[in-house]
Amino acid sequence: MRELFAMWRDTRMILLVAVVAAIYAAVLLPFKLFTVIPGITSIRPANVFPVIFGIMFGPAAAWGAAIGNLIGDVFGGTLGPGSAFGFLGNFFFGLVGYKLWGNLGPLSSGEEPNMRSVKQVVEYVIIAVAASAACAVIIAWGVDLLGLVPFTVLGPTIMINNTLAAAVLGPPLLYLTYPRIKDMGLLYPDVMREEDLEETSFSQPVVAALGMLVVSPTWLVLGIYVFSPQSTMQMALGGVGLLLLVVFVVIGNQGLPAQLKGANIR
Amino acid sequence: MSAASSLYVHGDSVFHRLAPRAKIALVAGLFAVALVFDHPAFVVVPLVVAFGTLVALGGWSNFRRVRFIVVAVFVVGLVVWPLFTPAGGPIWLSTPVVELTRNEFLVALGRSMRFASFIITGLLFVTATSNEELVAGLRSLGVPFAFCFAVGTALRLFPTLLGATGTVRQAQEARGHDLRSGSPLQRIRNYIPLLIPVFMTAIRNVQTQAMALEARGFDTQAERTFYGRQSLAGSDWVAVGVGSLMLIGSVLVRYVLGMGTV
């Protein structure tokens, strides 16, 4: 978790936050593939960016996705109390990718995310689903809490539209751009200081990654099928789900730095 | 391109001249009123106030840009909320397919108005607040400088990238690239030739921009001073007072007097 705050010391990471935010907002606004709920959500190709940027730029992508979504709200004319949950949801949309890559135990490819093998694509798709679910449940919970759109309606909608764009566009985009970004020296393990990315004494990267993988989809299923919108249980479920996600972020760690180190040694 | 680079409308109104913090307080007050009450007769008040002020400040063109969203959230709310609201009161609409009670209708209408009120109040804020004021407002609220710098830089890069996105799209379409052809999956894949140039162009400049900033002494750790830092004037304090009054007043009316529920 330290890296989320330590990154603000580095000029390149701050600029990456700004660039990620600007790209996300610039592609989010003009390109809409299909409208799912008119005026509320649609399938947008930009939803691939938080996941692939998360894997490549780490914490800069988490902050960048959050700010980019906020800018989208400002320029799209939809700024409101729901934007706070949009900020948080998109923060996790960008965060889950770098926390999970390389830490999924038997589900991990053990390789860099250059999408040169089927195992990498499988790992990527699992991460895209987990990141989409985290974003979906946080926004849907917040918007339900505000009494704007029921969780039952918005949760699956965001989940589907995020997952489709991220899972379909992610592998080819990573295949084409990851080697170039690596050559530019802009992968977060190359930009950030080693001590800011080191494990702490209480780090449990695999437990945290598997926990994040399970919490959001479970929250989504319970929120849709078990608890009714605006109920006390729905609110409590969100509180517990968010708390668990934060705990897993705190005890989690990033897998890419170790993979890059391994590749350099070889 | 559907979105221009800013919704800010130049003006010299009292609202325009308020400090960003005071505008945030006023807007938060309006948000609170719309959020606290459920009954449409109460939620309509912030909606009408925000809409009237928006039009008075020259924001009609901004409203026209989001009118589709406002209408859509209204219609979707009216359709969806009755499905999740306990039936109560007399039946107001009876068809072979669905029955709508008074309770269901009022809750749905209240929720739709709340959503519309949020959108129009947010629009009012961005209509009267420039990007620079937005960042200054964040800073004056105590948000760390590095974060404000990233937001400010993103806001400045955004129009450039929006333009680049449009240019790349036109260039690819001129080469015969058709975004709308094929199955839904193919249509998603069609975006790959558009996304890569936009994204690589922006990323390529990060290293040189970072060096340029550091060469000019950019340091997020050092104590910073600001040119033109705005302290709160008398009118700003009045706005903060009105915002606080709306917040506290609506909570008291709702939870102490028990008014505004369905």
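Trainee: How many residues does each chain put into the contact between chain B and chain A?
Mentor: This is a predicted model, where local features need pLDDT of at least 70 and side-chain atom pairs count only at pLDDT 80 or more, while totals for chains, interfaces and linings use all residues. Residues are numbered from 1 along each chain as its sequence is written, chains are lettered from A and ligands numbered from 1 in the order in which they are written, and side-chain values use heavy atoms, with hydrogens and water left out. Taking contact as heavy atoms within 4.5 Å, chain B gives 69 residues and chain A gives 67 residues.

Trainee: What area is buried between chain B and chain A?
Mentor: Here we add up, over both parts, the accessible area (1.4 Å probe) lost on being put together. Carbon and sulfur atoms give 83% of that area. In chain B, B:I188, B:L195 and B:F199 lose the most area to chain A, together 12% of what that side buries. The total is about 5,900 Å².

Trainee: How many salt bridges are there between chain B and chain A?
Mentor: Look for a side-chain nitrogen of Lys or Arg within 4 Å of a carboxyl oxygen of Asp or Glu. Between chain B and chain A, the count is zero.

Trainee: Which element gives the most residues to the side of chain B that touches chain A?
Mentor: Elements are DSSP runs numbered from the N terminus: helices (H or I) of at least four residues and strands (E) of at least two. Those giving two or more residues to this side include α2 (20–36), α5 (102–128) and α7 (145–174) of chain B. With 14 residues, the top giver is α7(B).

Trainee: What radius of gyration does chain B have?
Mentor: The radius is taken over C-alpha atoms, and the globule rule is 2.2 Å times the number of residues to the power 0.38. A compact globule of 262 residues would come out near 18 Å. The C-alpha trace of chain B spans about 70 × 60 × 30 Å along its principal axes, and its radius of gyration is 23 Å.

Trainee: And what is the radius of gyration of chain A?
Mentor: Chain A has 12 helices and two strands. It is as compact as a globular protein of its length, because its radius is close to the 18 Å that the rule gives for 266 residues: 17 Å.

Trainee: What share of the residues in chain A is buried?
Mentor: Buried means under 20% relative accessible area (1.4 Å probe, protein chains only), with exposed over 50% and partly exposed in between. In chain B, buried residues make up 47% of 262. Among the 266 residues of chain A, the buried share is 67%.

Conventions
Buried area = accessible area lost by both parts, 1.4 Å probe.
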